[in-house]
Amino acid sequence: MCFTVSLWDRIYPIVLGLPFNLFWLTLWMLLTPLCMWGAYFIETRRRHEKDNPPA
Amino acid sequence: MTPSATALGIILAIVALGSVIGFYAGARRKMDLEQWTVAGRGFGVLLMWLLMAGEVYTTFSFLGASGWAYSRGAPTLYILAYITLAYVVSFFILPPIWELGRRHKLQTQSDFFTWRYRSKYLAAAVSLVGIVFMIPYLELQITGFGIIAEVASFDGIGRVPAMLVAVILLAGFVLTGGLRAVAWVSVLKDILMLIAAAAVGIGIPFAYFGGIGPMFTALIHAKPSHFVMPGATPNLGHAWYISTVLLTGLGVYMWPHSFGAAFSAKSSETLRRNAVIMPLYTLSLTMMLFVGFAAILVLPNLRDGDLSLLAMVRKTFPPWFLGVIGGAGALTAMVPAAILVLSSATVFAKNLFRPLFAPKMNDHEVGRIARLMVVVISLISLYLAIHGSTTLVSLLLLAYAGITQLFPGVVLGLFWKRVTMPGVFAGLTFGVASMAILFLTKHDPFLGLSAGFLGLCANFTIAVFLSLLAKPTSQPIANL
């Protein structure tokens with residue numbers, strides 16, 4: 001992920017009025033909680049199964 | 001009333017309100033060491049969220065971020081990335097740390113090192129690194145407080161007397177309330193900070209440019225090179241960005257205070273949920289950057305970029321609102337500063353002084369030494385803040401370059417059975433020494449990479465290599 005900087009560190013295209021690099025980072029601030037929520041969901045289910053093994 | 005009296009009056013009222021909340025929250029409980037440092041391990045999701053937001057969103061995000069946006073440009077974007085990365089890291093490391101803390105009654109980061117590596121000397125070294133690099137972080141907070149008083153008083157009050165007042169308030173506050181006080185003051189701080197971010201981040205672009213889009217159009221037209229890396233700097237390019245994001249993102253939870261905060265959670269579940277929602281809070285930082293960028297065209301000749309946010313507020317809004325923003329800023333300096341002082345003092349007394357010099361000391365006496373250290377550490381930071389002259393972001397980067405050197409010890413300790421004490425100790429020593437040499441000889445960034453990151457790579461390699469040389473032992477490690 002982190003080696004993509006040179007791909008998104010640019011001004012154009014301007015999205016929602018933001019230079020592209022700023023837009024890109026802001027977008028990830030919104031996507032990260034979503035991904036984390038997914039991870040949380042998987043983790044919780046795994047722990048649940050560990051505690052209550054299926055009969 | 002003159003504008004400065006109005007603004008200062010409101011700032012004082014907010015700080016006073018914060019202090020009352022703090023004193024009240026702390027006053028109703030008996031303060032033993034466990035209560036003072038980890039608040040009896042009883043924080044639920046809400047208080048935990050407040051505490052963690054309290055320690056991550058410091059005066060650095062308030063003044064430093066906009067300051068760098070103003071003076072450096074695009075490299076500032078690293079801030080948005082590293083905080084988000086930090087929460088991802090926290091999702092994986094904090095729950096196991098909490099679990100160990102509960103099982104083995106750990107209160108501080110150094111307790112973890114003592115327990116995992118069975119060496120009081122390594123734990124003492126870790127404590128020392130923690131305390132030494134907390135000082136620039138604390139210096140940053142105190143400087144921020146000074147800047148606020150300076151701008152809000154329309155340059156009537158110098159930074160130095162303001163910083164002195166800040167330190168006195170801070171010490172009083174920490175000594176009486178402990179961690180619980182800090183978390184509750186965070187409530188007020190976060191509400192004010194969110195209001196401030198929304199009001200200035202959206203209000204200012206609209207006031208001067210008619211919107212955020214038009215603002216960037218005007219800015220890009222005027223200064224296109226400011227908005228791609230390396231911005232207005234000679235050497236902060238992509239390599240610097242990547243290495244700095246990694247360094248600081250991995251470092252956020254290596255701070256003795258943020259690491260220790262994990263112990264005050266009620267359950268590991270609390271910490272996981274926290275990690276999921278925290279990144280959203282980072283959006284407020286984008287707003288702070290807007291203000292720094294707006295200042296480039298509106299106030300082109302500021303002598304110090306760190307003044308940009310408050311100077312813009314002062315120019316745009318009536319004095320009472322400057323007071324509200326200043327008050328929010330003052331609390332964002334006080335709350336993290338309180339946490340920093342509290343944990344560095346505890347670590348000093350409990351993990352450095354007692355094991356090495358006075359092994360027979362009881363918890364009560366450790367508490368006394370810790371309270372004495374609160375005063376000592378505050379005064380050292382005050383001294384440095386008065387004599388320092390660097391930007392807020394540079395102070396933070398220095399602090400991170402040091403503190404992240406603890407990362408290999410923590411992560412290998414948690415997830416790799418074979419890691420050994422000598423490996424971690426040698427890695428830590430080499431990492432800190434190499435970053436210190438590069439910083440002192442002014443070679444940061446080195447070959448385009450952040451000096452702290454290079455130290456970290458060497459540190460990690462040494463720790464792994466030396467551990468592999470040792471014979472596998474049956475170290476007791478918790479089954480996670």
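**Packing in chain B**

Setting aside neighbours within four places in sequence, Ala338(B) is in contact with Leu170(B), Phe173(B), Val174(B) and Val182(B). The model is a predicted one, and Ala338(B) makes a handy way into it. Within the largest nonpolar core, which counts 181 residues, Ala338(B) is one of those touching the most other members, along with Leu170(B), Leu331(B), Val341(B) and Leu396(B). Helix α8 of chain B, running over residues 159–209, gives this core its largest share, at 22 residues.

Stepping back to the whole chain, chain B turns out to have 20 helices and zero strands. Of its 480 residues, 62% are buried. Take the contacts in chain B between residues at least 6 apart in sequence: 84% of these join residues at least 24 apart.

Next comes a look at single helices. In α9 of chain B (residues 212–222), the buried residues include Ile212(B), Met215(B), Phe216(B) and Leu219(B). Viewed down the axis of α9(B), the buried residues fit within an arc of 90 degrees, so they line one face of the helix. As a general point, an α-helix has 3.6 residues a turn, so residues three or four places apart point the same way.

Then there is a pair of helices in chain B, α10 (residues 238–251) and α20 (residues 451–469), with axes that come within 8 Å and cross at roughly 65 degrees. The crossing of α10(B) and α20(B) is left-handed. On the α10(B) side, Ser243(B), Thr244(B), Leu246(B) and Leu247(B) meet Gly452(B), Phe453(B) and Leu456(B) of α20(B). Sorted by class, this contact between α10(B) and α20(B) has four nonpolar residues, three polar ones and no charged ones.

How values were computed
Residues are numbered from 1 along each chain as its sequence is written. Chains are lettered from A and ligands numbered from 1 in the order in which they are written. This is a predicted model: local features need pLDDT of at least 70, side-chain atom pairs count only at pLDDT 80 or more; totals for chains, interfaces and linings use all residues. Helices (H or I, at least four residues) and strands (E, at least two) are DSSP runs, numbered from the N terminus. A residue is buried if 20 or more other C-beta atoms lie within 10 Å of its own, exposed if 12 or fewer, and partly exposed in between; C-beta atoms are placed from the backbone. Two residues are in contact if their C-beta atoms, placed from the backbone, lie within 7 Å. Axes are lines fitted to C-alpha atoms, for helices over the stretch in contact, and angles run from 0 to 180 degrees between N-to-C directions. A crossing is left-handed if the near helix is turned anticlockwise from the far one by less than a right angle, and right-handed if clockwise. Ala, Val, Leu, Ile, Met, Phe, Trp, Tyr, Cys and Pro count as nonpolar, Asp, Glu, Lys and Arg as charged, and the others, Gly among them, as polar. The arc is that of the directions from the helix axis to the C-beta atoms. A nonpolar core is a set of buried Ala, Val, Leu, Ile, Met, Phe, Trp, Tyr and Cys residues joined through C-beta atoms within 7 Å.
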